[in-house]
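Biologist: Please take me through this chain and justify each term that you apply to it.

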Amino acid sequence: MLLYLLRHGETDWNAQRRIQGVSDTALNATGLAQARALAGPLRGRSIAAFYSSPLRRARQTAEVLAGELGLGVRLEPRLSELDQGKLEGLRIDQVEAQYNGFMEEWRSRPAGLRMPGGETLAELQERAWAAVEDLRSAHPRETIAAVSHNLAISAVLCRVLGIDLNAFRRIRQFNAALNLVEHSPARGWNVVIMNSLAHLSGVPDSEGSPYL
C-alpha cells in the first residue's frame with residue numbers, strides 16, 4: 001500500500017505567520033498555484049482514492065488535485081490540524097508575548113502539552129494515526145492520496161519513523177509538500193519521500209510558514 005501524504009497550499013494566514021489550527025481558512029493565489037503544481041507528480045500513479053481533511057484549505061487543495069486526476073474527494077475529519085484553541089488567529093510574535101511560559105514548555109516538551117482550550121499533540125497523533133491505519137485496511141494493495149496539515153503530517157511521520165513526538169520539529173513540512181509512505185506485511189511502515197518540493201519549481205517562492 002502506498003499513501004501520498006500532502007500538505008495543503010498556502011493561505012494568507014501562512015504568509016502572515018498566524019496560527020491556523022482548525023480555523024477554516026482558504027487558499028490564497030499562491031496556494032492555488034501550489035495545488036495545481038502538486039498534481040504533476042501524481043499523474044500516472046493509478047491513485048485509487050483521494051482523501052482530505054475537511055478544513056477548507058485542505059479541501060480546496062484536494063479538490064484541485066482530484067479534479068486533475070478525475071477522482072472525487074472523501075473527507076476524513078481525523079486528518080484535521082491540531083485544535084490550537086485560544087492561539088488560533090494569533091501571529092507567532094503575539095503568542096510569544098501573551099503566552100511566554102506556555103511557549104517555553106511547548107519548545108521543550110510539546111507532546112503532552114495542551115493548547116489553551118485545544119488539543120495536545122499526542123491526541124492529534126493518535127487520531128491521525130488511527131485514520132492512516134484505517135486507510136491501510138481499506139486499501140491494502142492500492143495507491144491512495146490524502147491532503148492534511150503541518151502538525152498532523154509531522155505527527156504521522158514521527159510514528160512511521162519511530163521518532164519521539166517531542167522531537168517533531170526535526171521533520172519539516174512546507175506548504176504543498178509531498179510525502180510518500182508505504183506499508184507491506186513484511187516491512188511494516190516506511191517513508192519513501194518526505195517534504196519534497198520539486199514540483200513547485202515554477203511557483204513563486206513561499207516560506208511555507210511552519211507553525212510554532
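**Fold and cores**

Modeller: In this predicted model, the chain has seven helices and six strands. From the N terminus, their order is β-α-α-β-α-β-α-α-α-β-α-β-β.

Biologist: What makes the chain as compact as a globular protein of that length?

Modeller: Its radius of gyration is 16 Å, and the globule rule gives 17 Å for 212 residues; the two values are close, so the chain is as compact as a globular protein of that length. The C-alpha trace spans about 50 × 40 × 25 Å along its principal axes.

Biologist: How many of the residues count as buried, and what does that word require?

Modeller: Buried means under 20% relative accessible area, and 53% of the 212 residues count as buried.

Biologist: Why is a set of residues called a nonpolar core?

Modeller: The term applies because its members are buried nonpolar residues joined through side-chain atoms within 4.5 Å. The largest such core has 40 residues, and Leu3, Trp106 and Leu121 have the most contacts inside it. Elements giving two or more residues to this core include β1 (2-7), α6 (121-138) and α7 (150-161). The most come from α7, with eight residues.

Biologist: Which residues is Leu3 in contact with, leaving aside its neighbours within four places in sequence?

Modeller: Contact means heavy atoms within 4.5 Å; on that basis Leu3 is in contact with Val132, Ile144, Ala145, Ala146, Asn179, Leu180 and Val181. Another core, of 19 residues, lies apart from the largest one, and Tyr4, Ala37, Ala39 and Val203 are among its members.

How values were computed
Residues numbered from 1 in each chain as written. Predicted model: local features only at pLDDT ≥ 70, side-chain atom pairs only at ≥ 80, totals over all residues. Heavy atoms only, no water. Helix = DSSP H or I, 4+ residues; strand = E, 2+ residues; numbered from the N terminus. Rg over C-alpha atoms; globule rule 2.2 N^0.38 Å. Buried < 20%, exposed > 50% of the residue type's maximum accessible area, 1.4 Å probe, protein only.
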